[in-house]
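Student: I should like a close look at a single part of this structure. Please describe one helix in detail, together with its surroundings and its charged contacts.

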Amino acid sequence: MVDVLRKESSYSFDETVKRVEEACESEGFGLQLTKGIHDILKQKRGIDDYPKLTSIMVCNPDLAMTALDISRDMGTIFPCSFVVYEEDGQVKVSHISIMKAGVDLGLAPQDEMKDLIEETSRRIKKVWKKI
């Protein structure tokens with residue numbers, strides 16, 4: 001079963017976004033896209049007061065290639081993402097393992113994904129400690 005990592009940040013919203021980006025890059029995850037969902041809602045829906053929520057999408061090419069070699073269907077849930085958001089006056093960060101999610105969704109067999117899930121988990125724990 002997929003665990004959701006969640007934590008409160010003691011930093012400002014913008015600083016937390018920056019720290020997530022830097023932590024991911026320091027552990028070999030290339031930054032693909034950082035996008036403020038609240039900005040999209042403001043632009044496309046005219047919603048001015050939606051709480052800040054930014055999605056940070058990252059990819060480690062070696063881990064991604066291993067997953068895709070096991071099952072091309074894993075590509076349907078790439079890239080890995082982190083979310084920084086405001087809730088109840090706090091800045092929070094969340095993340096789920098797409099490798100575990102892929103198994104739970106039936107996109108790849110658990111026995112073939114086991115080592116990859118463990119390696120990804122090790123790397124994400126290092127990222128998580130830096131946030």
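Tutor: In this predicted model, helix H5 is the part to examine, and its buried residues are Met-113, Leu-116, Ile-117, Thr-120, Ile-124, Val-127 and Trp-128. The cover over these buried residues includes strand S1 (4–9), helix H1 (13–26), helix H3 (61–70), strand S4 (80–87), strand S5 (90–96) and helix H4 (98–104). An α-helix has 3.6 residues a turn, so residues three or four places apart point the same way.

As to geometry, H5 comprises 21 residues, 110–130, and its first and last C-alpha atoms lie 29 Å apart, close to the 30 Å expected at 1.5 Å a residue. The helix bends by about 30° at Leu-116, which is also one of the buried residues.

H5 also carries charged side chains. Side chains of opposite charge can pair when their charged atoms come close. Within the helix, Arg-122 and Glu-119 form a salt bridge with an N to O distance of 2.8 Å. These two residues are three apart in H5, about one turn of the helix. Salt bridges with shared partners extend this pairing into one network of Glu-119, Arg-122 and Arg-123. Arg-122 has a relative accessible area of 47% and is therefore partly exposed; Glu-119, at 24%, likewise counts as partly exposed.

A further salt bridge leads out of the helix: the side chain of Lys-130 meets that of Glu-27 at 2.7 Å, N to O. Because Lys-130 belongs to H5 and Glu-27 to the loop between H1 and strand S2 (30–36), this pair ties together parts that are 103 residues apart in sequence. Its two members differ in exposure, since Lys-130 is partly exposed at 37% relative accessibility, whereas Glu-27, at 17%, is buried. The structure holds seven salt bridges.

The setting of H5 is a protein with five helices and five strands, which follow the pattern β-α-β-α-β-α-β-β-α-α along the sequence. Of its 131 residues, 37% count as buried. Among contacts with a separation of 6 or more, 68% join residues 24 or more positions apart. The radius of gyration is 15 Å, which agrees with the value near 14 Å for a compact globule of 131 residues, and the C-alpha trace spans about 45 × 30 × 25 Å along its principal axes.

Key. Residues numbered from 1 in each chain as written. Predicted model: local features only at pLDDT ≥ 70, side-chain atom pairs only at ≥ 80, totals over all residues. Heavy atoms only, no water. Helix = DSSP H or I, 4+ residues; strand = E, 2+ residues; numbered from the N terminus. Expected span 1.5 Å × (residues − 1). Bend = angle between axes of the 7 residues up to and from the residue. Buried < 20%, exposed > 50% of the residue type's maximum accessible area, 1.4 Å probe, protein only. Contact = heavy atoms within 4.5 Å. Rg over C-alpha atoms; globule rule 2.2 N^0.38 Å. Salt bridge = Lys/Arg side-chain N within 4 Å of Asp/Glu carboxyl O.
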